[in-house]
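The following report looks at one model from several sides, beginning with a helix and its surroundings and ending with backbone geometry.

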Protein chains: 2
Amino acid sequence: MGSAYKMIPIPEAQAIVLANTRPLGAVTVGLAGALGRVLAKEVLAPDSLPPFPASIKDGYAVVSSDGVGEYPVVGESRAGHLDDLPVQPGTVAYITTGAPVPPGADAVIQVEDTEPLPAAGEGGQRRVRINKAARAGQDIRPVGSDIMQGDVVLRAGERVGVAEVGILATVGAVQLRVHATPKVAVLSTGDEVVDPATRPLGPGQIRDANRSMLLAAAARAGAEAVDLGVARDTAGHLEGCLAAAIAQRVDVLITSGGVSMGDRDLIKPLLERQGVVHFGRVWMKPGKPLTFATLELPDGDGPAAPGRQMLVFGLPGNPVSSFVCFHLVVLPALRKMAGWAAPALRRVAARLAAPLRLDPERPEYHRCTLQWSPPPPGSPAAAAAAAVATAAAEPPSSPLAGHELWAVSTGNQISSRLLSARSANALLELPCAEGTLAAGTLVSALLIDDLGGMPVPEGGVPTTPGF
Amino acid sequence: MGSAYKMIPIPEAQAIVLANTRPLGAVTVGLAGALGRVLAKEVLAPDSLPPFPASIKDGYAVVSSDGVGEYPVVGESRAGHLDDLPVQPGTVAYITTGAPVPPGADAVIQVEDTEPLPAAGEGGQRRVRINKAARAGQDIRPVGSDIMQGDVVLRAGERVGVAEVGILATVGAVQLRVHATPKVAVLSTGDEVVDPATRPLGPGQIRDANRSMLLAAAARAGAEAVDLGVARDTAGHLEGCLAAAIAQRVDVLITSGGVSMGDRDLIKPLLERQGVVHFGRVWMKPGKPLTFATLELPDGDGPAAPGRQMLVFGLPGNPVSSFVCFHLVVLPALRKMAGWAAPALRRVAARLAAPLRLDPERPEYHRCTLQWSPPPPGSPAAAAAAAVATAAAEPPSSPLAGHELWAVSTGNQISSRLLSARSANALLELPCAEGTLAAGTLVSALLIDDLGGMPVPEGGVPTTPGF
């Protein structure tokens, strides 16, 4: 008895998913809600920055041709407080960082290159000694030197990070058009699946790891996550849960369990009845029963309204399979919905820290922890590092040469063992083949977590020579 | 006129900050609030997983010594529903993935290797043909093979990522002891600084980029961020803002502006009066006036209560300086408070995509965008890549050889130009020296953003050969 579904390769599955995924429409958010969102519309600068010639230093605004000497201080230009006077040759004005350079002055002398003098007799006029001559324009930012009025400061499709929040504030863009973020429902299935708080477990029961994990994964991807609980193993109950997802107008439903070959695996038949199942088996390890469907739904706003679409990802019940399938196929779809132009996982290369046995039946996504490390002394990789330093004309002693990403396996990869995803920041792409890859082999790796928290090798990572 | 503060190197500044930063105490959170937090206490497994010998496949539980043949199906073991009968030699039981293997059976035959038979005459007994013999233990996970009762599944100090949420749910750990997250107040300073919504700007005014940016940065670091607005340039107003931060019991106050050499730069004198200023100038570009102080505060719970501490970071007013100083010194402190064992920014090496002029006066943190790319054809780096592939005995055609992190500068690095932080995911550590570093030079880089969104090179990144 075989499956009714053709086994397709994972790149084909990913292409099918993305071809059926549409970026969500634009919504308006305030600046405080913009972090992590993708701009749906370019942002222009309404004025130049600086809007006036601005001092780069605290010091004195001078006429550069005056040179070294003692000068009367005829006024002040402070950020936010401007004396309304020009600086004539033979005079200077006190100025603070960021303040407008008064008319007449064409350079700023930093305070470190000056000395205060006793006030002159007549009327107590402040005086200062200028100890260094300035060239014209010194320590002045011309109008528009940072941003010109009308410049596109951020393009549609750019993601708003920390710096971009500052850039938006700088140009007064406090209301922004960004892509909506997807609303994602998560449903577990199975009569044996019980709430994580259950202690002790009854006969045959297991705690639901997938729902908490997938809700966290969806939230981390910036989605609005909706908890749909656990569906029992009856067609009716499962159908009720699907109806709940539809009623809540979610963009995506993620189920786990109920997609293998068992006679109570009800997800695929249900999706066949209510929508289009695009694939039901994928040639990958783990995750073979991965299922993807789309449902076209009436909008509920009358017959003239265009329909809406719900994507359904039927993930396998084993928690590692769920974890891997989420990252490989669901996350890129969520990113595309949220407006990412390049939604796929980023691929890098890493060297194996230890030999890995290959699977002869399916390509494998092996969980690992990447870290930036020197090659083990005496290894082929160490010899290679020396060779690369020579060929690249690196200083022979460059402590940076030879450091690379090294992949440390998370251990036993059986798909029920979620500990194999603990601390994993990448999935290694291992070919379907007999045999073993040697330690030091270069393999491709897909990033599934921030490398900002990766392990630090003993002794740390060296800096640029001379830094 | 010089500064009263000694200029210290950045590693010394970072060490001083971390030496004065204490991890926050433990609090209890539910599983749904655990993502991103650091465990303050190890988590043990209260029971084994699987708690029973469990089937890895949908199929039939058999006595392995029976071998190929036709057998009566005497019962079912479904996940969540168990018939209470042993499997005798000469019989089999239907079983689903994850379900307990009934007593007597010692292997599972996947359904793909079986054929249903017509029910036998007498009483309609179900029958099945087993087409492949099984070895003992086949497709069964023994009790505790994933997790043993009493195992430490996560250690104190581990951060809770997506997989860890699943692991915690698996072992029923729904209430967790984690480090508290810091409460961080952000204050801008300066009479010229106006709200980002201001349009058009008045004479001498600039919009406040730093406050929105630092609030976003603190939030992204997992902190609870408190907006304290803008302090005017008077000692009284600034002191009032500091009092507000103290009253709100924040762990950290971040100010921007008011720390350079101007005579209205009031931050340092205020901090000197109310606490200990540990440093007030750092040998770095940008960020020279960076200031760090600690305030010991009464706890308000009576004279016997231990005091509490507030860290104050006085960042420069230029937005890029603020951005760089936040990542280099504030972020590691926030991470240490939140329980990170290794709070420093992660360092990697990258090759320069274009020549970079060095600064002869200060070491520079040059903003750049890292991407994983092949070396430019014909470049020394390309020759080096060929050499490394040979020395490492890489298959000569390995498409992975020679790809490295390449650093693309964000352009003009003047500290007022926040566009130089746009899309930046790393800070290059450039030595203080005369001259220029050539394209292809290997330099150290500190990660300041997730590489999961880095640019993808034209043509993409290749996979492991054969994948």
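The buried residues of helix 2 of chain B are covered by elements of both chains, including strand 17 (206–207), helix 3 (210–220) and helix 6 (319–337) of chain A, together with strand 3 (43–44), strand 13 (152–154) and strand 14 (175–179) of chain B. The model is a predicted one. Helix 2 of chain B spans residues 162–170, and because 9 of its 9 residues are buried, the helix is largely enclosed by the rest of the structure. The buried residues include nonpolar ones such as Val162(B), Ile167(B) and Leu168(B), and Glu164(B) and Thr170(B) are also among them. Helix 2 of chain B is followed by Gly172(B), which has a positive phi near 75°.

**Relation of the two chains**

Chain A is superposed on chain B by a rotation of 180° with 0.0 Å of shift along the axis, and the RMSD of this superposition is 0.1 Å. The two copies are therefore related as by a two-fold rotation axis. The same surface serves both copies, since 100% of the contact residues of chain A recur in chain B.

**Aromatic pairs**

Over all chains, the structure holds 8 aromatic pairs. In one of them, the ring centres of Phe467(A) and Tyr365(B) are 5.5 Å apart and the ring planes stand at 80°, so the pair is edge-to-face, the angle being over the 60 degrees required for that class. This pair crosses between chains, running from Phe467(A), in the segment after strand 30 (442–447) of chain A, to Tyr365(B), in strand 26 (residues 364–373) of chain B. The two partners can also be described by their accessibility: Phe467(A) is partly exposed, with a relative accessible area of 27%, whereas Tyr365(B) is buried, with a relative accessible area of 1%. Elsewhere, ring pairs link Phe279(A), Phe292(A) and Phe313(A) into a cluster.

**Two buried residues of chain B**

Tyr365(B) also appears in the surroundings of Met284(B), a residue in the loop between strand 21 (281–283) and strand 22 (291–297) of chain B. Met284(B) is buried, with a relative accessible area of 0%. Leaving aside neighbours within four places in sequence, Met284(B) is in contact with Ile10(B), Leu290(B), Val324(B), Cys325(B), Leu328(B), Arg362(B), Pro363(B) and Tyr365(B). Between Met284(B) and Cys368(B), which are 84 residues apart in sequence, the C-alpha to C-alpha distance is 17 Å.

Phe292(B) has its place in strand 22 of chain B, and at 0% relative accessibility Phe292(B) counts as buried. When neighbours within four places in sequence are left aside, the contacts of Phe292(B) include Ile16(B), Val17(B), Asn20(B), Val276(B), Phe279(B), Leu311(B) and Phe313(B). Val312(B) is another contact of Phe292(B), and Val312(B) also belongs to the lining of a cavity described next.

**The second largest cavity**

How many cavities of 30 Å³ or more are counted? The count comes to 12 cavities of that volume, and the second largest cavity has a volume of about 70 Å³. The lining of the second largest cavity consists of Leu187(B), Leu238(B), Leu242(B), Leu253(B), Thr255(B), Ile267(B), Leu270(B), Leu271(B) and Val312(B). These residues divide into 8 nonpolar, 1 polar and no charged. Helix 4 (235–247), strand 19 (252–256) and helix 5 (267–274) of chain B each supply at least two residues of the lining, and helix 5 of chain B gives the most, with 3 residues.

**Backbone geometry**

The following table lists two cis peptide bonds of chain A.

| Peptide bond | Omega | Place of the proline |
|---|---|---|
| Arg199(A) to Pro200(A) | near -5° | loop between strand 16 (193–194) and strand 17 of chain A |
| Lys285(A) to Pro286(A) | near -5° | loop between strand 21 (281–283) and strand 22 (291–297) of chain A |

Positive phi values also occur in residues other than glycine. Ser423(A), with phi near 65°, has its place in the loop between strand 27 (404–409) and strand 28 (426–430) of chain A, and at 38% relative accessibility Ser423(A) counts as partly exposed. Asp139(B), with a positive phi of about 55°, lies in the loop between strand 11 (127–130) and strand 12 (140–141) of chain B. With a relative accessible area of 18%, Asp139(B) is buried, because the cut-off for that class is under 20%.

Methods:
Residues numbered from 1 in each chain as written. Chains lettered and ligands numbered in written order. Predicted model: local features only at pLDDT ≥ 70, side-chain atom pairs only at ≥ 80, totals over all residues. Heavy atoms only, no water. Least-squares fit on C-alpha atoms with pLDDT ≥ 70 in both. Contact = heavy atoms within 4.5 Å. 1 Å grid on protein atoms, 1.4 Å probe; cavity = no way out; pocket = protein on both sides within 12 Å on 5 of 7 lines; lining within 4 Å. Points joined across faces, edges and corners; volume = space filled by probe spheres on them. Helix = DSSP H or I, 4+ residues; strand = E, 2+ residues; numbered from the N terminus. Phe/Tyr/Trp six-rings, centres within 6.5 Å; stacked < 30°, edge-to-face > 60°. Buried < 20%, exposed > 50% of the residue type's maximum accessible area, 1.4 Å probe, protein only.
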